[in-house]
Amino acid sequence: MSMDEDFPYSLQQIAELGGHEERAWHVAWNPKRPILASCSADKSVRLYTYREDGEGKLNVSFLTSIPTGHTKTVRALAWAPSGTTLATASFDSNVGIWEQEPDDDGEPGEWECAGTLEGHETECKGVAYSSSGTLLASCSRDKTVWVWEVVPDSEFECMGVMMEHTQDVKCVAWHPKEEILASASYDDTIKIYVDDPQDDWYCVSTLSGHESTVWSLAWSPNGNYLASASDDRTVRIWRRVGQHDFKCVLALQGHERTVYSVTWGIGKGQQEEGYLGWIASAGGDGTIRVWELKETSASEPPSHRMLTRLPDAHGVYDINSVVWCPRTGYEDLLASAGDDGVVRVWKIAPVTV
Amino acid sequence: MTFSGALTLTDLNDFITPSQACIKPVEEIKPKNGQKEKEPGAAASEIMIDGSGAYYEVSQDGGGTSGAGRRLEQAQISLNDCLACSGCITSAESVLITLQSHEEVLKFLESNSKEEEAKRKIPVVSIAPQALASLAAAVSASSSSSAPITAQQILRRLRVFLKQTLGFAHVFDTTFARELALREHVKEFLERRDKARRQAESGKENQEPSGQGHFLPMLASACPGWICYAEKTHAEMIPFIANTKSPQQIMGTLVKEWMGKKWGKRPDDIYHVCVMPCYDKKLEASRSDFYNELYSTRDVDCVVTTGELDVVLRDKGWDLSIPVDGEMDIEHELLPELITHPGTSSGSYLHAIINHLKKISEKPLEISVKQIRNADYEEYELREEGGRVVFKGAKCYGFRNLQNVVRKVGRESGVRVGMGAAGKLGGRVMRKKDKEEGQNQRIEYIEVMACPSGCVNGGGQLKAVGGGEWGEGEVRWGNREWTKRVEEMYWSSGNDAEQSSELLREIDEAELGLRTSYRAVESNVVGLAVKW
């Protein structure tokens, strides 16, 4: 593990954010405002804000916590693209929708429950907003994936219930531009869904290749690739080769245990032709790995190089989630959540000799 | 950081997949005797299995007391246990398939024919019009003749097959029972509307603590998939569901009680089979509400799907494309045949109400239909000339639209949606802006069906025939086209209900029970909430 200096980049911890009383499951960066949200088995959501001081140093501070009222673990979070709404997925089988009602001065006030989405029969494992913010997807141990349309007044209309997976669905992820949904499951597959002209959602393709549970999904920022993290200890890269066709072109190796989370950000690499951004992954081995991907040609798999590797990022604990900050100027920020109940914020920077 | 001491399995991690095994606890009645309590963990007995597969408990502490041991009861899980439990679908289905299948019907018919005449039951079969339409579409698609074969021809051909080859005594379709169901449905709707209006006038709004005050919107009751789902996961919807029996169960009452009396037979002297487009109709037939305790018999003994009937036809080598004698003749077998109810191919429940309201209105009423997204969700409005809306109803098919119905009804009537394990988000709840709701005419009736496109596309129907024609590789589109075909066949033949007014009067006078009830099924999947 003394090889770290060989990597061109390193991860520096910006903040260690305690406060959750049980394991922290997931983190989500607000896409519009300087807010980071985390959720935990303690059923709460914690919100943090961050700003740079005069010397370019980033300060992260606790903003507020939402005692969600979920009766079980809050497993996952998703911000709407507008940044004004937060969705929570809970093991109590519900999705909660949270908004700030303006206070007396018209300023955003406390976070309040603006609605709930019921329908899943058992633990809800994941939730995601489409890029336009008009659709919301959720998935559950009940093997289903639901798509809801966001209608005004925090109401939702069910657009589809897909019972395609044969096991627990771990994660849902929307394409960054189009209305294409991907889901990952304990049945080792990834499924892709679209809607037909009659507004019915259906599964268009099944991606097989992983040898064990698929835990997490991340689309490339340009939408031409999908990354998947698995219990088979690999991160697979799927290239979109047709309207709804995907082909596995690469398997990133290295993790020694289950990979629980993968995130794909624009990064701060050299924006030359073929640059695909940065992938970070983490999981049961406690190590955060960061890769840079480049497209060489349409027939060749993208080239990859490991930018850095950080072992024991949460001590001896599993890492449940890693997420790149999507906001312009902050693409080098990564947040992680671990079984130690701690949320950490990292900055990736070139190693200067 | 501390972990809570009271960890539950579900909160521990999300690795565990649900157990697919049955979780019904097996009750054991301990024999009462003076034995001392044993040390925990000490083996008390051994289980032995004899040649016939019976289990025996052999005591160990007696030190070789003679004895063959106590024969153990076999743990039995009945279909009703499965239905009363939301633990697993799979066990319930497998039990069902063995209890109500075409093989079961054939087995019965065979053993029945061997009984001495006095002991023989009268085998009766009733076929749903959607099942006839499915067979008609399949036969028309695979036959070389250009003229499509109508549902009525299929019924006539089936009648010959079912009587001559299988030995049924009577073959009916279920449309006359549906006529009764629709009449009762309209009657119930008017009762509910009356109650709701009186309650509104007395200022109480639609709310009583018991939940009994929720009269409107009335929700259709013919779809067993919907009933099952509501009982298991949306108990708050139960007061809204019509209590009128489905056509299948009204047919059950007609056959076992009304016809039985006519024939001088007891309900258990008749064996009644229904052919349905739907697997969940098997669940419906086995509800305790439709079990006659006195005679230990069900109103419908066995339900087979269209697909299962098709298997029997194939096994017996019967070709439905070949005409039978007199298949175009007018024929009456106790009940009028194939009554059409214009409206939807799922029974026209909404249209029965609309037509009735139009009939009794003093002013002429105009109808307008608004499609919400697609043909599976349509809103119907009846208005007087020049404006006032006097009735609003909807038809709503498919699981997805069903979710929206549940949300909408919950929101408009103020009942809380969801139950069971699903926790309620407490804490701070945002106040919703008061909308103009209430000013508008609310929806008073919803024809709810669990299958997209309704009963013609039921789970028990035949699959699309002739892959190429329906779009090879594009099964999805093919299926939609196929459903359209079945729908066309559904409307291909039929008779007016008016001709049967005398019979209807006779049945009215018989005062048959045409209503039923529902109850919430509590989730007892305790395995998941085990405290460690």
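**Loops, burial and chain totals in a predicted model**

Me: In which loop of chain A is the place of A:K43?

Reply: A:K43 belongs to no helix or strand here, those elements being DSSP runs numbered from the N terminus (helices H or I, at least four residues; strands E, at least two). In chain A, A:K43 falls in the loop between β3 (35-40) and β4 (44-52).

Me: Which pLDDT do local features need in this predicted model?

Reply: Residues are numbered from 1 along each chain as its sequence is written, chains are lettered from A and ligands numbered from 1 in the order in which they are written, and side-chain values use heavy atoms, with hydrogens and water left out. The model is predicted: totals for chains, interfaces and linings use all residues, side-chain atom pairs count only at pLDDT 80 or more, and local features need pLDDT of at least 70.

Me: Is A:K43 buried, partly exposed or exposed?

Reply: The backbone of A:K43 has a positive phi of about 75°, although the residue is not a glycine. Relative accessible area sets the class: buried is under 20%, exposed is over 50% and partly exposed is in between (1.4 Å probe, protein chains only). Because its relative accessibility is 29%, A:K43 counts as partly exposed.

Me: What is the relative accessible area of B:S453?

Reply: B:S453 also is not a glycine and has a positive phi, near 70°. Its place is the loop between β14 (445-449) and α14 (475-490) of chain B. B:S453 is partly exposed, its relative accessible area being 28%.

Me: Which residue does a cis peptide bond join to B:L216?

Reply: The residue concerned lies in the loop between α7 (175-201) and β6 (218-219) of chain B. Omega of the cis bond is about 0°, and the partner of B:L216 is B:P217.

Me: How far apart in space are B:G393 and B:R505, C-alpha to C-alpha?

Reply: B:G393 lies in strand β13 (residues 389-397) of chain B and is buried, with a relative accessible area of 0%. Leaving out residues up to four places away in sequence, B:G393 touches B:L350, B:E378, B:E379, B:Y380, B:I443 and B:Y445, a contact being heavy atoms within 4.5 Å. B:G393 and B:R505 are 112 residues apart in sequence, and their C-alpha atoms are separated by 29 Å.

Me: What is the radius of gyration of chain A?

Reply: Chain A has zero helices and 28 strands. The globule rule (2.2 Å times the number of residues to the power 0.38, with the radius taken over C-alpha atoms) gives 20 Å for 353 residues, so chain A is as compact as a globular protein of that length, its radius of gyration being 19 Å.

Me: How far apart are the end C-alpha atoms of residues 17-48 of chain A?

Reply: The unreviewed UniProt entry places the feature "repeat: WD" at several spans of chain A, including 17-48 and 117-150. Residues 117-150 are 0% helix and 56% strand, with end C-alpha atoms 11 Å apart. Residues 17-48 are 0% helix and 56% strand, and their end C-alpha atoms are separated by 9 Å.

Me: What percentage of the residues in chain B is buried?

Reply: In chain A, 64% of the 353 residues count as buried. Chain B has 15 helices and 14 strands. Of its contacts with a separation of 6 or more, 74% involve residues 24 or more positions apart. Among the 532 residues in chain B, the buried share is 47%.

Conventions. UniProt positions are given in the numbering used here, feature names are shortened, and annotations may be inferred rather than shown by experiment.
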